[in-house]
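Student: Could you walk me through this one? I have it open and would like to go element by element.

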Amino acid sequence: MKYASLKKEDLNKWLEHLKKKARLYAPRKKENLFVFRPVKNVKDVCLEYMPTILPPKKYYFPQKEKLLKFTVNPFKTAKAIAEFEEYILFAVHTCDIAGIQCMDVIFREGPEDPNYLNRKEKMTIVGMECFKPCDKYANCVSMGNHVPRGGYDLMMVDIGKSFIIHINSQKGERLIADLSYIKGANENDMRKLEEKRQEKKKIFKEELNAPLPKVYEAFSSQGSFDSPLWDEVGRRCVACGNCTAVCPTCYCFDVADEMELSFNEGTRFRIWNYCQMDDFARVAGGEDFRKGRPARQRHRYYRKFKYPVDKYNRYFCVGCGRCSRTCMADIILIETVNALLDPENAASYVGSVKNRPEVK
Amino acid sequence: MIDREILLEKVKTSPYKPMKGRIIKAEMLTEKEKFFRIELEDKVNLAHEPGQFVMVSIFGYGEAPISICSSPTDKGYFDLTVRNVGTLTSRLHQLGEGDTLGIRGPFGKGFPIDNMFGYDLVIVAGGLGIVPLRSLMRYIMHNRNDFGNVQLLLGCKSPKDLLFREEVKEWKRRAEVKFNCTVDKADPDWQGNVGLITTLIPGVDINPMRTYAVVVGPPIMYKFVIGELLNKIIPDHQIIVSLERRMKCGLGKCGHCQIEGKYVCQSGPVFNYAQLKDFKGECHEKAA
Amino acid sequence: MKKQPKPKVAFFDFTDCEGCQLQLANMGNTFLELTELIDIVNFREIMSEKGEDYDIAVVEGSISTDNDVKRIKEIRAKAKILVAFGSCAAIAGVNGIKNRTSLEVAKERVYADKAHTINTIKVMPLDRVVKVDYYILNCPPYIPEIIAVFKSILMGKPYPLPNYPVCVECKMNENVCRYEKDQECMGPLTRAGCNSWCINNGNRCYACRGLLENPAADGAKEILEKYGLKVEDILNHFTLYNDPQGEKYDQEFAR
């Protein structure tokens, strides 16, 4: 069975089943936005949602994570990683799945990061394919992440009265095995899926003004690196760090020790840290190797569109649009990239997305 | 996904877990720099290359990257020389013989010693730069006939800041190392040069094609020294530098040490000038 | 850590509401644990401050009279370590509002016809008069930070204040940004360290921890103006807690 089918009226039953299998995290509403949260009541789960404030990254690369338990005297380090429980990320968008794939590349590259690998091993991903663009800030089509490209265990597609579920791993298969209400998809279901995909092609349009190889080329030129665009972006930036916090592929961290009041036992943590912070590249001696907001913003963009492409042949922008959505200063990724593609008219792109009416 | 068994093994040997090191010798070299000789638990050999660094931990006070200043040919221990500049290093200065600390590493790429066999060497050390270069110098002393002429150019603020004074004399006496030193500010007893280290380079007699230049010093020094070396027509690949950056992991993950797309902790800290030239503008040490 | 005699800690207060000391009481068991590690030799209303020796002076409140200046210098002379405890001591806090008017006007407003009997000077944080070794920010102080600072003192290491804005912690807590809801917030310009305490509880950031060392004035001005705040309003928001720094912001924003 490669594709299964689940009637919508049975969804909650399935969610209850999943809740018993493992810790279940799913999107739910928080004020006017959405967040991933542990599912208490399956009725709170939102399947149609805008990208959440933070990506599910917080579950496999937590904001503050134990690296080490230590004792000063006698010198002792305890097992660095507690046993994690199995967990399911439910209704993850394809952009966020692409984010997990990027994290895999980083943390699996030697020397491997056992904390991440361990959490990843406990993770089961149930994806949810989008059939309408979430808003004007997303650039998932240009990044090629508006459609499933692997990296999940199950992928759900809403075809009206039911969901088609693509089974992509044994782990996924186990979540739907032996359930009377989940059956193999029939021909009719598959035809509907095909129709949905055709329809989607008409609605989803590329957001950047050039295909990715052109974008990469633009980022590769010395002119782009030295572009006055970065001064303008840096002038607006307040270095709040929001763009990096919400990015599914930002993985920088700080390491800090916390001592117990015994002053003999303590814990070493890693905590999210951002290249947008003032002290990020400053050494103890005082020298700051990346001064000023223009250089820091440039670095953020280059870490999405240039450096990882050189190193891994992979773009580290997944197109979720979070950085643009969260920016108080209206630094909009699509505007910045389009301006870089067309340096002569760079100024004309400021506000070109921001002032556009919302997609409906 | 990787096999569960393999994973558990990896978890046990987490690269974030420091080994236990014991200080077997500690002494102040100057007012601000302290020397430590460290032995790992069970006499484990650090097995490093000259130019590599370790992450030194003191639990509760944090962790910092520190250059190793002994040669792998010094077996059974390794040396560090630390300037008191931050929380970790100031705590480190309070430690002495018999105290323990955490060690991770060695990390990074060291000096390309194999490529340097048979070549003449010009070694340029500014200030604390002599610390990582001591690992190279000691290696050279141990394998002196693998290398051609060796010249050591030293620069520091004032004569009292000169590190490893006795050892330098010994190198000079024992193994035909040409040695020249300059200070920014002399004291009455000083008989050597006064001025920036760049002033020593034009007078150096070399065959550029047969010479490797190895430069380590404060960030501001590189540009000018590299400029002088390029004037001597030393090829880009034969100008070697070691760069200092902020580091939190040593594993190419935490992001702090990045120069553009390169992680200094993994691709460096040792680079050659050809690599530096490829940077578009984030490398402060690149010559103008 | 080796067993050493417990350091003696004395608490003092200057111009303030004593809310900071109340926070110590709110610490509950942790405070008791802490008292096992230190000897409290002076706590206002319990003991007199004369004749006691102390290693660590924890000082609450800002400097606002000539006598305060004299007294804080005496405390500094005795203490090995001086801790500025709370916004008033660290950045002058709410008291700083006084500096918005001339001393004469301020005196008359408060003491009317008795104004001439009052000695008062411009309000200052402690570090305008003496060297401060540790800062505990916030109004009232944030308990985890109180603990962290005391730990640092006892370990003999500095407690570096975060030099990034409250937004960093706020986003980690996955709060809906106040700007998202068209409400103003001082978060982007305020020094973090409180774990976005107020915003987590549905409030806005009042900048009680003082501003960042390197606030992005241009960008911030644009943002605040975009959300309908005038420069005047912005200054009012800043100066609720930050007047001694106010001159700096006046310059930043007047440009």
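Student: Which residue of S4(B) does Met55(B) stand opposite?

Tutor: Met55(B) stands opposite Pro65(B) in S4(B). Before going on, note that this is a predicted model, in which local features need pLDDT of at least 70, side-chain atom pairs count only at pLDDT 80 or more, and totals for chains, interfaces and linings use all residues. Residues are numbered from 1 along each chain as its sequence is written, while chains are lettered from A and ligands numbered from 1 in the order in which they are written.

Student: And how many bridges pair S3(B) with S4(B)?

Tutor: Six bridges, in the antiparallel sense; two strands count as paired if DSSP finds at least two bridges between them. Strands (E, at least two residues) and helices (H or I, at least four) are DSSP runs, numbered from the N terminus. S3(B) and S4(B) form a hairpin with three residues between them, and Gly60(B) in the turn has a positive phi of about 95 degrees.

Student: Is S4(B) mostly covered or mostly open?

Tutor: Mostly covered, with six of its six residues buried, where buried means that 20 or more other C-beta atoms, placed from the backbone, lie within 10 Å of the residue's own (exposed is 12 or fewer, partly exposed in between). In a regular strand the side chains alternate between the two faces of the sheet. Here Gly62(B), Ala64(B) and Ile66(B) are buried on one side, and Glu63(B), Pro65(B) and Ser67(B) are buried on the other.

Student: What's the strand order in that sheet?

Tutor: The sheet is open, with six strands in the order S4-S3-S6-S1-S2-S5 of chain B and antiparallel pairing. Strand S4 (62–67) and strand S5 (78–83) of chain B stand at the edges with a single partner strand each, so one side of each has no neighbour in the sheet. The twist averages 40 degrees from one strand to the next, with axes as lines fitted to C-alpha atoms (for helices over the stretch in contact) and angles from 0 to 180 degrees between N-to-C directions.

Student: Which helix packs on the sheet?

Tutor: Helix H2 (residues 87–94) of chain B does, touching S2, S3, S4 and S5 of chain B, and its direction makes about 80 degrees with that of S4(B).

Student: Switching topic: where are the domains of chain B?

Tutor: Domain 1 covers 4–107 and domain 2 covers 113–278, with bounds that come from an automatic or database domain assignment. Their C-alpha centres lie 23 Å apart, and 23 residues of domain 1 are in contact with 20 residues of domain 2, contact meaning C-beta atoms, placed from the backbone, within 7 Å. On the side of domain 1 of chain B that touches domain 2 of chain B, S6(B) gives the most, with three residues.

Student: How many residues of chain A are in contact with chain B?

Tutor: 43 residues of chain A are in contact with 39 residues of chain B, and S11(A) gives the most to the side of chain A that touches chain B, with six residues. The residues of that side of chain A divide into 26 nonpolar, five polar and 12 charged, counting Ala, Val, Leu, Ile, Met, Phe, Trp, Tyr, Cys and Pro as nonpolar, Asp, Glu, Lys and Arg as charged, and the others, Gly among them, as polar.

Student: Last one: how many residues of H15 in chain A are buried?

Tutor: Eight of the nine residues of helix H15 (residues 333–341) of chain A are buried, including Leu333(A) and Glu335(A). The buried residues of H15(A) pack against several helices of chain A, among them helix H8 (212–220) and helix H12 (293–305).

How values were computed:
Contact = placed C-beta atoms within 7 Å.
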